[in-house]
Amino acid sequence: MTPIPPGATIGILGGGQLGRMTALAAARLGYRCHVYEPDELAPAADVCARHTAAAWDDAAALDGFAAAVDVITLEFENVPVAAVERLAASRPMRPSAAVLAVAQDRIAEKTFANRLGIATAAWHAVHDADELAAACAALGGRCVVKTTRWGYDGKGQALVPTPEAAATVWARLGAGGVRIAEAVVPFVAELSVIVARTPDGRTATFPPTLNEHEHHILRRSRAPAPLADDLADRAAAIARTLAVALGVEGLLAVEMFLTADDTLLVNELAPRPHNSGHWTIDACPVSQFEQLVRAICGLPLGDPTPFAAAEMTNLLGSEAEDWPRLLAEPGLRLHLYGKREARPGRKMGHVTRLRPFMR
Ligand code: AMP
């Protein structure tokens with residue numbers, strides 16, 4: 001394929017911190033970025049040459065945006081597929097609307113993985129409280145129920161402790177159509193793997209990351225995850241298989257559970273940069289953000305092998321106000337997202353601490 005060379009303009013759908021860090025990486029390689037994000041005060045807009053602040057269904061704004069860019073990617077997988085299809089009619093859209101359609105829907109995601117022989121938690125689609133109660137009984141007497149779409153950071157999900165509790169939990173979740181009931185996985189660790197794939201099929205995979213959540217929000221990632229080589233290889237192979245089968249152009253982040261018997265169960269797919277890959281900015285020759293730019297522009301992919309071990313901690317809400325103390329810590333790498341309002345639990349920045357590899 002003919003590469004999209006430095007100097008070209010990359011369109012980014014979504015203006016959060018992932019878009020911001022993508023734009024920073026793109027700028028380093030000489031690209032300009034144009035972000036499409038309804039919110040006027042988006043973190044990415046501060047570092048992009050242009051910002052289209054319009055709704056996802058604003059056809060004229062979408063067309064104007066497409067005309068102004070050379071390739072389009074996204075940092076937010078809940079961009080409406082209709083908008084992505086419209087953009088894809090005139091510009092390379094990486095990842096494609098088809099990839100997005102799978103990644104936006106937990107049932108589509110799990111169906112896709114299971115068809116490839118990739119294990120997930122056992123699951124059932126449920127449409128009402130009775131079906132939830134039956135699924136809960138079939139899944140071992142308790143389950144997690146989740147919205148199939150628009151869920152992130154644990155939003156829209158609940159534990160169903162017994163089949164008898166299904167009616168109460170269903171009522172509490174409110175209207176919302178089909179949901180997914182999943183077996184509660186007794187995981188010993190949560191892992192993620194980020195793989196990049198170019199339109200001509202080249203791939204590069206970052207090593208697995210070990211993730212700790214608090215209240216369903218990622219708190220800390222450690223990389224490389226301390227896993228036996230064969231387990232790390234299996235996790236990487238799962239991510240690569242999914243990226244290739246989906247035909248991802250760009251990045252695919254795959255979240256997995258690890259159980260005590262070394263089984264890996266895929267939990268979620270995100271065809272974009274991922275919070276658990278922020279450590280790559282400071283510990284790898286190429287960051288996940290630069291790798292995304294390279295992948296969508298058809299450039300050589302960078303070396304994803306870390307040169308140091310890394311621990312990334314998210315700064316949530318008011319924690320980012322601690323920046324003077326953090327900046328004073330030798331070796332610490334501070335990243336702030338420039339968000340105006342520090343709501344509790346909101347991702348305001350992150351810090352990365354590096355540790356040399358012991359050889
Ligand atoms: P998710 O929105 O699917 O990424 O879920 C958020 C977090 O909830 C995960 O990172 C897990 O810590 C927990 N979780 C989600 N699904 C399950 C499950 N089936 N079994 C156990 N824990 C889960």
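Biologist: Let me start with helix H10. How many of its residues are buried?

Modeller: Nine of the nine residues of H10 are buried, so the helix is largely enclosed by the rest of the structure. Keep in mind that this is a predicted model.

Biologist: Which residues of H10 are buried?

Modeller: They are Gln288, Phe289, Glu290, Gln291, Leu292, Val293, Arg294, Ala295 and Ile296. The general point on helices is this. An α-helix has 3.6 residues a turn, so residues three or four places apart point the same way. In this case, the buried set includes Phe289, Leu292 and Ile296, but also Glu290 and Arg294.

Biologist: What follows H10?

Modeller: Glycine 298 comes after H10, and its phi is positive, near 70°.

Biologist: Now the core. Which residues touch the most other members of the largest nonpolar core?

Modeller: A core is read by its contacts. To join one, a residue must be buried, under 20% relative accessible area. Here the largest nonpolar core has 36 residues. Ile10, Tyr31, Cys33, Trp279 and Cys297 touch the most other members.

Biologist: Which elements each supply at least two residues of this core?

Modeller: Strand E1 (9-13), helix H1 (17-28), strand E2 (32-36), E9, strand E12 (217-223), E13, H10 (288-296) and strand E15 (309-316) each do. The largest share, four residues, comes from H10.

Biologist: Which domains does this core draw on?

Modeller: At least three of its residues come from each of domain 1 (9-93) and domain 3 (187-355). The domain assignment also gives domain 2 (122-183). The centres of domain 2 and domain 3 lie 28 Å apart, taken over C-alpha atoms.

Biologist: On to the ligand. How many residues surround the ligand, and which are the closest?

Modeller: Read a binding site as a shell. Here 17 residues make up the surroundings of the ligand. Arg106, Lys146, Ala183, Val185 and Glu190 are the closest. By class, the shell divides into six nonpolar, five polar and six charged residues.

Biologist: Which strands each supply at least two residues of the shell?

Modeller: Strand E6 (143-147), strand E8 (179-183), strand E9 (187-197), strand E13 (250-259) and strand E14 (264-270). By domain, at least three shell residues come from each of domain 2 and domain 3. E9 and E13 also appear in the core list.

Biologist: What polar atoms lie opposite the ligand's oxygen atoms?

Modeller: Look for pairs of N or O atoms within 3.5 Å. A ligand oxygen is 2.9 Å from an N or O atom in the side chain of glutamate 268. A ligand oxygen is also 3.1 Å from an N or O atom in the side chain of asparagine 267. On the backbone side, an N or O atom of valine 185 lies 2.8 Å from a nitrogen atom of the ligand.

Biologist: How much of the ligand does the protein bury?

Modeller: The general idea first. The size of an interface is often given as the accessible area lost when the parts come together. In this structure, the ligand taken alone exposes 470 Å², and the protein buries 92% of that.

Biologist: Next, backbone oddities. Where is a cis peptide bond?

Modeller: Check omega. From arginine 94 to proline 95 the peptide bond is cis, with omega near 10°. Proline 95 sits in the loop between helix H3 (81-88) and helix H4 (97-103). A cis bond also joins alanine 223 and proline 224, with omega about -10°. Proline 224 lies in the loop between E12 and helix H8 (229-246).

Biologist: What lies 2.8 Å from the backbone oxygen of arginine 94?

Modeller: A polar atom of the side chain of threonine 73. Threonine 73 belongs to strand E4 (residues 71-74). Threonine 73 is buried because its relative accessibility is 0%, and the cut-off is under 20%.

Biologist: Which residues other than glycine have a positive phi?

Modeller: Histidine 216 is one of them, with phi near 70°. Histidine 216 lies in the loop between strand E11 (209-214) and E12. Aspartate 262 has a positive phi of about 65°, and is placed in the loop between E13 and E14.

Biologist: Why does aspartate 262 count as partly exposed?

Modeller: Because its relative accessibility is 38%. Serine 318 is partly exposed too, at 48%. Serine 318 lies in the loop between E15 and helix H11 (323-327).

Terms used. Residues are numbered from 1 along each chain as its sequence is written. This is a predicted model: local features need pLDDT of at least 70, side-chain atom pairs count only at pLDDT 80 or more; totals for chains, interfaces and linings use all residues. Side-chain values use heavy atoms; hydrogens and water are left out. A residue is near a molecule or strand if one of its heavy atoms lies within 4 Å of it. A polar contact is a pair of N or O atoms within 3.5 Å; within protein, one must be able to donate a hydrogen and the other to accept it, and residues adjacent in sequence count only if both atoms are side-chain atoms. Accessible areas come from the Shrake-Rupley method with a 1.4 Å probe; for residues, only the protein chains shown count as cover. Ala, Val, Leu, Ile, Met, Phe, Trp, Tyr, Cys and Pro count as nonpolar, Asp, Glu, Lys and Arg as charged, and the others, Gly among them, as polar. Domain bounds come from an automatic or database domain assignment. A nonpolar core is a set of buried Ala, Val, Leu, Ile, Met, Phe, Trp, Tyr and Cys residues joined through side-chain atoms within 4.5 Å. Buried means under 20% relative accessible area, exposed over 50%, partly exposed in between (1.4 Å probe, protein chains only).
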